[in-house]
Amino acid sequence: MTFQVRPVSGSIGAEVYGVDLSTVDDEQFKEIHDLLVRHLVLFFPEAGGLTPEAHQAFGSRFGELEVHPFLPKLEGHEHIVVLDSDKGAKADVWHTDVSYVKHPPITSVLQITLTPEAGGDTMWSNQYLAYEALSEPMRELLEGTTASHVFAHPQGTFRSEVEHPVVRVHPVSGRKSLYVNRMFTKRILQLSRGESAALLEHLFEVSESPQRTCRYRWAPGAVAMWDNRATQHYAVNDYTGRRVGQRVTVMGDDPRGAEPRWPHFQEGAMAATVVKD
């Protein structure tokens, strides 16, 4: 290991020192990749501000970069999304990025370019630990269930709905994690609506529990990246002033879990079996 690594909580996340993200060689890239799989979120406090070209080049080492269908882009750089709090970019709901598409992101690389005087932190949660906190009967129930993930743009310009496993297996670590989130997951499809709503609320609470999180205080120029396959995150909306970030997102993931054990629940099916006098 050629870098200095400092965990930021007991559950998730680490700061990495001694690396220049704009000149990462193959050996350093492998180290960063392995650290990401291990810690799930990496912070680079000394990044010092990546140029757009370096930002895109680093992200593309992990795979194909997303061109987001509607978020604003940095002028001249279609792969860099600009997240500006003055333009409504305040994602203060726990979520996994773009889980509403068939092949959601592998990772995102976010550089904060402007911070408020106080506040504006981001939190991440470890979804391996969320799954492992469930009782054995609950884990057994969830194996082989799937959930719908939905996003509809409020102006009607974009809508996407997909089905993903509730429990997924990480393609590198082989560990199981919960894969539901409050922002985009709408229903567990093998359960009735009432059962699904009650169970999802419980799973959301487990996923968001403080003992499975880290919280990071930004400085301008700092960079973070996270493993979208086993984390959720939350932008704390506790500030006045302006917060601006630039993000590239690496696409191509394929959530995998156990094969579904039951068909989708059909509302009214139970009523149809009642024998009338």
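**Pockets, cavity and sheets of the predicted model**

The second largest pocket holds about 210 Å³ of space, in a structure that is a predicted model. Thirteen residues, written here as 13 in total, line the second largest pocket, and those lying nearest its centre are E163, H164, P165, P255 and R256. By class, this lining of the second largest pocket comprises five nonpolar, three polar and five charged residues. The element that gives the most to the lining of the second largest pocket is strand 9 (residues 159-165), which supplies four residues.

Strand 9 also belongs to an open sheet of three strands, arranged in the order 9-8-12 with antiparallel pairing. Because strand 9 and strand 12 (185-188) stand at the edges and each has a single partner strand, one side of each is left without a neighbour in the sheet. From one strand to the next, the twist of this sheet averages 25°. Strand 8 (residues 146-152) runs antiparallel to strand 9, to which seven bridges join it, and within this pairing A152 stands opposite R159 of strand 9.

A further open sheet is formed by eight strands, which follow the order 1-2-3-14-6-16-5-4 with mixed pairing. Here the edges are taken by strand 1 (4-7) and strand 4, each with a single partner strand, so one side of each is left without a neighbour in the sheet. Strand 4 and strand 5 run antiparallel and are joined by two bridges, and the bridge partner of K73 in strand 5 is V81. Helix 1 packs on the sheet, where it touches strand 1, strand 2 (14-17), strand 3 (41-44), strand 6 and strand 14, and the direction of helix 1 makes about 125° with that of strand 3.

Helix 2 contains several buried residues, namely A54, H55, Q56, F58 and G59. These buried residues of helix 2 pack against helix 1 (26-39) and against four strands, which are strand 5 (77-84), strand 6 (107-114), strand 14 (223-227) and strand 16 (244-250). The loop between helix 2 (52-60) and strand 4 (73-74) contains P69. With a relative accessible area of 48%, P69 is classed as partly exposed, because the exposed class requires over 50% and the buried class under 20%. Computed along the chain in residue count, P69 and A222 are 153 residues apart in sequence, and their C-alpha atoms are 26 Å apart in space.

Enclosed space was also examined, and a search of the whole structure finds one cavity of 30 Å³ or more. About 40 Å³ of space lies in this largest cavity, whose lining consists of T96, Q127, L178, Y179, V180, N228, R229, A230, T231 and Q232. Divided by class, the residues lining the largest cavity are four nonpolar, five polar and one charged. Strand 15 spans residues 231-235 and is mostly covered, with four of its five residues buried. Strand 15 pairs with strand 7 (residues 122-126) in the antiparallel sense over five bridges, and the bridge partner of T122 in strand 15 is A235.

Notes: Residues are numbered from 1 along each chain as its sequence is written. This is a predicted model: local features need pLDDT of at least 70, side-chain atom pairs count only at pLDDT 80 or more; totals for chains, interfaces and linings use all residues. Side-chain values use heavy atoms; hydrogens and water are left out. Buried means under 20% relative accessible area, exposed over 50%, partly exposed in between (1.4 Å probe, protein chains only). On a 1 Å grid over the protein atoms alone, a cavity is a set of points where a 1.4 Å probe fits but cannot get out, and a pocket is an open set with protein on both sides within 12 Å along at least five of seven lines; lining residues have an atom within 4 Å of a point. Grid points are joined across faces, edges and corners, and a volume is the space filled by probe spheres set on the points. Ala, Val, Leu, Ile, Met, Phe, Trp, Tyr, Cys and Pro count as nonpolar, Asp, Glu, Lys and Arg as charged, and the others, Gly among them, as polar. Two strands pair if DSSP finds at least two bridges between them. Axes are lines fitted to C-alpha atoms, for helices over the stretch in contact, and angles run from 0 to 180 degrees between N-to-C directions. Contact means heavy atoms within 4.5 Å.
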